[in-house]
Structure formats: C-alpha cells, structure tokens
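Biologist: I'm new to this one, so could you walk me through a single part of it? I'd like a close look at the aromatic rings.

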Amino acid sequence: AIQDAMTLNPTEVNCPLFTGLGQEAIPVGVLYALHKAGILESCPVNLDHRGVWGGFAMLDEYVNDLKKSGTSLIDELLRNHFMSASGGCRGRDGNVHIPIPVAWNKLLPFICSDMGRLTGVLGGMVMENMRRVRWRTLPPEERFVGITMIGDGASNQGAVHEAMVWFARYELPVICIVNNNQIALFTDPIEEHGNSKLVNRAFGYGKMKGIEVDGDDVDAVVRAMLYAIKKAQSGVPVFLVANTYRRSGHNENQIGRVSSASELKENRNFFDVNRIFGYDEEKLIEFQRACEREPLIVARDFLIQNGYATLEECNLVFKREREQSDAAVARVLTEPKVIVEEDRRDRSMYPPMIWKSPLEKPVKTNEAGHSMKYFEAFAWALDQLMTEDTRVCYFGEDVASYEGGVLALTKGLVE
C-alpha cells in the first residue's frame, strides 16, 4: 500500500523511485519468521531496495524499541524520498540512502546503493555482535542470526562471493536471501548466469546450506525461513533463493501504465502496463502472466482457502492499509523541505568535498539560471563540459539510451 501511494506521487519524489511491487512476500515472510522465532529484535538486518518497503512496515509493527522511541521507519523512508528537512538525511539525499535514527541499532543503514558490498559489512556486524554477547554460549533458540538481502544481479558480484566464502569459513550465522526476480537491471538470467540454479552455489561456498523457495508465497517463505533460522543458529550459514518476478521497471520512470495517474488512484491497476524499458512484446506477455500470481493475490487466496478470512475481510484490510498509506504520504508532504540557506549553515551530513575542474577555463553559459531536479542538473552540467571540451566522455551502462541509463542522469544528451 505504501508503494502504491508513492507511485501515485511521482512528481514529489526527487530521485529515481525503486519499488518492490509484486515482491513483498520476501521481506514480509523473512521478518515475520524472525518475529515468530522470538529473535527479531536481536538480529542485524540489511534490507535491499526491493525489500525495504515491506521490511520497514514489518519492523514498525514488531520492533518494540522503535515503538517506544516513536520512530516510524516508513515515515523516515518517505521523508528521504520527499527531501524532508526533518528526515535522516535532512533533505540532502533521496532514494534509500537513509541514515536510520539510533532507535534500533540492529538495522544496517543504507550507506550506498550497492547492496552486494553491504553483505560483507553485515558480516562484520554479525562477528562483532557474536563476540559481544558470547554467541556460542547461548542456548541455540536464543541465538540471533544475521539477515542480508540481495538481488540475483548482485549475487554475481565478487564482493558477494567473497562474503559467502567468509560466512562459510567462519561458520557465521548469516542467512543471505536472494530476491531472484529474473532480471538484473536490464539483463536476463541467460546472459546473467546461464539461467543456472542459484541455490546450487551454496555447495561451492563450503559449509553452507542452500534453500530454494517460492518467493511469491509468503507462507512458504515463513516456513523456509524458520528452517533456515534453525540451521544458522547451529552455526551453518544459509543461502536462501526466493524465486519471484520483477513486477515493475528497474525504477518507476521506466514503466508505462495503461491507466492515467487519476485513474490509478481509483483502480490501483499498477500491473496493467503497456511499456517497460528493455522489454519486447514477448517479455511484456511474460510480465502479465507473472502478475496473475503476485504475492497479494497468493496471500489472499491462502487466507480464504484455509478459512482465516473472507474475501470481504481481505478487501477491507486492503482498503484500510491504502487509506493509512495515503494519509502518511500526505502528512510527510506537508513537512518543510531543506532550503539553500539552511544547507549553507550546516552541511554536517556530508564531509567537505573539494572538486577542481580539469578544464583550463571555466564553463560559460548565457542561459538564465533556473531550478531543476538533480538528474537534470547532472545532465546539464555534463552537456556543458562535453560542449566545452571534446575530450570529455562519459561511460556507463545504457547511458547513451533514450532513458539516460538506470538513473536517467544522461537523459536527453544523445539528442
């Protein structure tokens, strides 16, 4: 619901919007299993871009330290996207690079976009906490486990492979959850890893347990996680592959929906799309088939078939959650944003940065100054530099595309 509300306010988001639409069963199932095992509040957690939405909602619900402090991780996430001056980054950054208030020190802050590299950081956090609480002397059922989430793309990074070998070598109680959503940025599994079974990598890492689960079925994720927790508490790290599908673009500006913004507010048909950057017609058909079995539908059918709820009760829950999420977005949007004068007075969120132009003379322009978004300013500055000096070039994945790369930082430069 909170992702729906964000998607309905694209002009207020001052950064690319990464959602986990249609992938919510993974973070929800993982964190609920930790709660059910009675160890959630002692577990170091590193969420990924897709898992942060459902993950923060679960942590807000079940972590007592957050409740006592009055901190809402969802509100902090909204503040960061909307550049609120009262947020963790105090309006100076967007997206999920979010310093969490020290209300619950087990959550690893998003210090960079590279979730793969943070896997190793999480491992260091686990080792330090093990030493501090004398982990191996605790009863097995009371032992915390570390949780790190990555995508199938990040699972191919050298830093991740090194971290997995490290976890296995030192028998660290870490569960690495791979959100196997079938595409990395714009790369499909065939080109990415030969469409191999990712779970088999656990055997190559050494003393590690590999588990594969249906990542669209929250009940299956909970059951798989409860088993993984027992393994990790016995000193066996786990490589848990949750198979799902990326039911969105890499970020929201790369997907075209059939309904207009006003229609979406009423029908919430976020999976009815006619364009996704990098998808051909065959891929779009595959996308539509995957959306017929998205996690909310699977969870709803599970509750109804097992007699836990009726269809009417499920719909009432959906309606209530959407209303609360819409209200949270509306509330945060009323908060003051950072202003230039305040930024000049206090830039303590970031260290001083000195940059010297490689050009012999400064860039000149006759254009009048005007306000623009960050990615537009980046493209404008790059255009100025490349116009001034033909030696200047810019490399990156898909930066010469119409979309301007994954972050749209070079959009329009090709023209």
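How many aromatic pairs does the count come to?

Modeller: Before the rings, a word on the source: this is a predicted model, where local features need pLDDT of at least 70, side-chain atom pairs count only at pLDDT 80 or more, and totals for chains, interfaces and linings use all residues. Residues are numbered from 1 along each chain as its sequence is written, and side-chain values use heavy atoms, with hydrogens and water left out.

Now the rings: the count comes to six aromatic pairs (rings of Phe, Tyr and Trp, the last by its six-membered ring, with centres within 6.5 Å; planes under 30 degrees apart are stacked, over 60 edge-to-face, the rest tilted). One of them joins W166 and F167, a tilted pair with 5.8 Å centre to centre and 35° between the planes. W166 is partly exposed at 24% relative accessible area, while F167 is buried at 1% (buried means under 20%, exposed over 50%, partly exposed in between, using a 1.4 Å probe and protein chains only).

Then there's Y205 with F239: their ring centres are 5.7 Å apart and the planes sit at 70°, so this pair is edge-to-face. It links distant parts of the chain, since Y205 is in helix α9 (residues 201–205) and F239 in strand β5 (residues 238–243), 34 residues apart. Helices here are DSSP runs of H or I, at least four residues, and strands are runs of E, at least two, numbered from the N terminus. Both Y205 and F239 are buried.

Some rings have a charge over them (NZ of Lys or CZ of Arg within 6 Å of the ring centre and within 35 degrees of the ring normal). R143 lies over the face of W135, 4.7 Å from the ring centre, and R169 over that of Y170, at 4.6 Å.
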